[in-house]
Amino acid sequence: MSREWWLLLILLILNLSIVIIYLVWNLLIWCRENKPAVIMKAAVMLLCPVIGPLFLMLGFLFYKLFMGQAMDLEDVIFNKEKVETFMHPDEDMEKNMVSIEEALAVTDKGNLRTLMMNVIRGDYSQSLSGFLMALNSDDSETAHYAASVLQEVLNGFRVNVQRMYKAALEEDEGQKQRCVELIEYMNPILEQHVLTEIEQRSMTERMDETGDLLFALDQYGIGSHIYEILSMRNLEAGQTINCQKWCDRGAAAYPDTLVSYKCRLKLYFETKNRTAFFAVLNDLKQSEIMIDSETLEMVRIFM
C-alpha cells in the first residue's frame, strides 16, 4: 500500500475517532444538546472528513467570540407603556382625501360623487359644516350623501349627550371628570353650527348647566380652555349674559393669560361695547402678554 493510501486511512481513522468521541461526550457525558442535533452533526463529520469537523469547530468558535457574549440591555425597554410607535402616513389614502369645500366646487356629477365618497372615507367629524353646505347641491345623490352623514353623526351626538349628561349628574368621585368630558365632547359639534338654531341654543344651555355644575364642584381646577369653550359657545348662541359670566370667571381664575382677555374682547366686540372693549384692551397692553394676530385684527376693525 502506497504512502498516500496510508495517510488517507489514518485521516479516516482520526475522523472516525473524533465522531465517536463527539457522540460519547454529547450523548452520555455532557447531555446538553438534543439528540437529533448531535446525530446530524456527527453525520456531517463522518460524511465530510476534515471539512465537517472544521466547519462545526469554526462555527462554535465564531459563536463564542461574537454571539456568546453577554448583551447590554441597559437601553432596552420592555415596558410597552414607554414605547412610542410612529406610524408612517398612508400616502395612497391621503392622495384621495379632499376637503368638503373642494369636493363641492367640482361641477361634474360623477367626479363630485367620487370626491364626496373620498371625504366620507376620512375623518369628517371636523367637516360637518361642509356637509351642511352640500345639502343644497344640485346633485341629488350628493345631497343624499351629505344628509346621511349629518343624520348619522347628529343622532349619535344627541344620544351621547343625553347619556353623558345623565352620568355627569351622578354625585361621586368621577363627577368632575365626566363634566369636563361632556363639555369637550359637545364643543366640536356646537362650534360647527350644524344644528338648528333652536337645538343649538338648547345644547348650549345644556353645556352651560354642565359648566355651572363643574364650577360648583371645583372652580379652581377648571382649565382655561373650558372657560374659553363656555364663553364662546354662549356668545355664538346669543347668550351674552352667560358669556359674560364665564368671561368674568375665566378672568378671575386665569388673569395672566391671553385667553381670558380674548374672550372678553370678543364679547364686547360682538355687543359693540366700545368702552368695555378698550378698557380690557388697555389692561392687555399694560400686561406682559403677547397679542396674537386675531386680537390685532379685532382692534383694527373696532378702531
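Start with helix 12 and helix 13, whose crossing is left-handed (the near helix is turned anticlockwise from the far one by less than a right angle; clockwise would be right-handed). Before going further, note that this is a predicted model, in which local features need pLDDT of at least 70, side-chain atom pairs count only at pLDDT 80 or more, and totals for chains, interfaces and linings use all residues. Residues are numbered from 1 along each chain as its sequence is written, and side-chain values use heavy atoms, with hydrogens and water left out.

**The whole chain**

Zoom out for a moment. The chain has 15 helices and zero strands; both are DSSP runs, numbered from the N terminus, with helices being H or I of at least four residues and strands E of at least two. Of the 303 residues in the chain, 32% are buried (under 20% relative accessible area, with exposed meaning over 50% and partly exposed in between, using a 1.4 Å probe and protein chains only). Take the contacts (heavy atoms within 4.5 Å) between residues at least 6 apart in sequence: 58% of them join residues at least 24 apart.

**Stop 1: helix 12 against helix 13**

Select residues 240-253, which form helix 12. Its 14 residues reach 20 Å from first C-alpha to last, close to the 20 Å expected at 1.5 Å a residue (the expected span is 1.5 Å times one less than the number of residues).

Now add helix 13, residues 258-270. Helix 12 and helix 13 pack at an angle of about 155°, with their axes 9 Å apart. Axes here are lines fitted to C-alpha atoms, for helices over the stretch in contact, and angles run from 0 to 180 degrees between N-to-C directions. That makes helix 12 roughly antiparallel to helix 13 (over 145 degrees; under 35 is roughly parallel, 65 to 115 roughly perpendicular and the rest oblique).

Show side chains at the junction: Thr-240, Cys-243, Gln-244, Cys-247, Gly-250 and Ala-251 of helix 12 meet Ser-260, Cys-263, Arg-264, Leu-267 and Tyr-268 of helix 13. The buried residues of helix 12 are Asn-242, Cys-243, Trp-246, Cys-247, Gly-250 and Ala-251. Their cover includes helix 10 (197-218), helix 11 (224-236) and helix 13.

**Stop 2: the cysteines**

Stay here and select Cys-243, Cys-247 and Cys-263. Why is Cys-247 not bonded to Cys-243? The sulfur of Cys-247 has its closest cysteine sulfur in Cys-243, at 3.9 Å, which is too far for a bond (a disulfide needs a pair of cysteine sulfur atoms within 2.5 Å). For Cys-263, the closest cysteine sulfur is in Cys-247, at 5.1 Å, again too far for a bond. Cys-247 is buried at 2% relative accessible area, and Cys-263 is buried at 5%. A search of the whole structure finds zero disulfides.

**Stop 3: Leu-230 and Asp-208**

Next, pick Leu-230 in helix 11. Leu-230 is buried, with a relative accessible area of 1%. Beyond residues up to four places away in sequence, Leu-230 touches Ile-183, Met-207, Asp-208, Gly-211 and Trp-246. Draw a distance from Leu-230 to Cys-247: their C-alpha atoms are 8.7 Å apart, with the two residues 17 apart along the chain.

One of those partners, Asp-208, sits in helix 10. Is Asp-208 buried or exposed? At 6% relative accessibility, Asp-208 counts as buried. Leaving aside neighbours within four places in sequence, Asp-208 is in contact with Leu-230, Asn-234, Asn-242, Lys-245 and Trp-246.

**Stop 4: two partners of helix 11**

Keep helix 11 selected and bring helix 13 back. They pack at about 5°, with axes 10 Å apart, and are therefore roughly parallel. Ser-224, Glu-228, Ser-231, Met-232 and Leu-235 of helix 11 meet Val-259, Cys-263, Lys-266, Leu-267 and Glu-270 of helix 13.

Swap helix 13 for helix 9, residues 175-190. Helix 9 and helix 11 pack at about 45°, with axes 11 Å apart, and are therefore oblique to each other. The contact involves Val-180, Ile-183, Glu-184, Asn-187 and Leu-190 of helix 9, and His-225, Ile-226, Ile-229, Leu-230, Arg-233 and Glu-236 of helix 11.

**Last stop: Gln-175**

Finish at Gln-175 in helix 9. Gln-175 is buried, with a relative accessible area of 5%. Apart from neighbours within four places in sequence, Gln-175 is in contact with Ala-168, Leu-169, Glu-170, Leu-213 and Leu-217.
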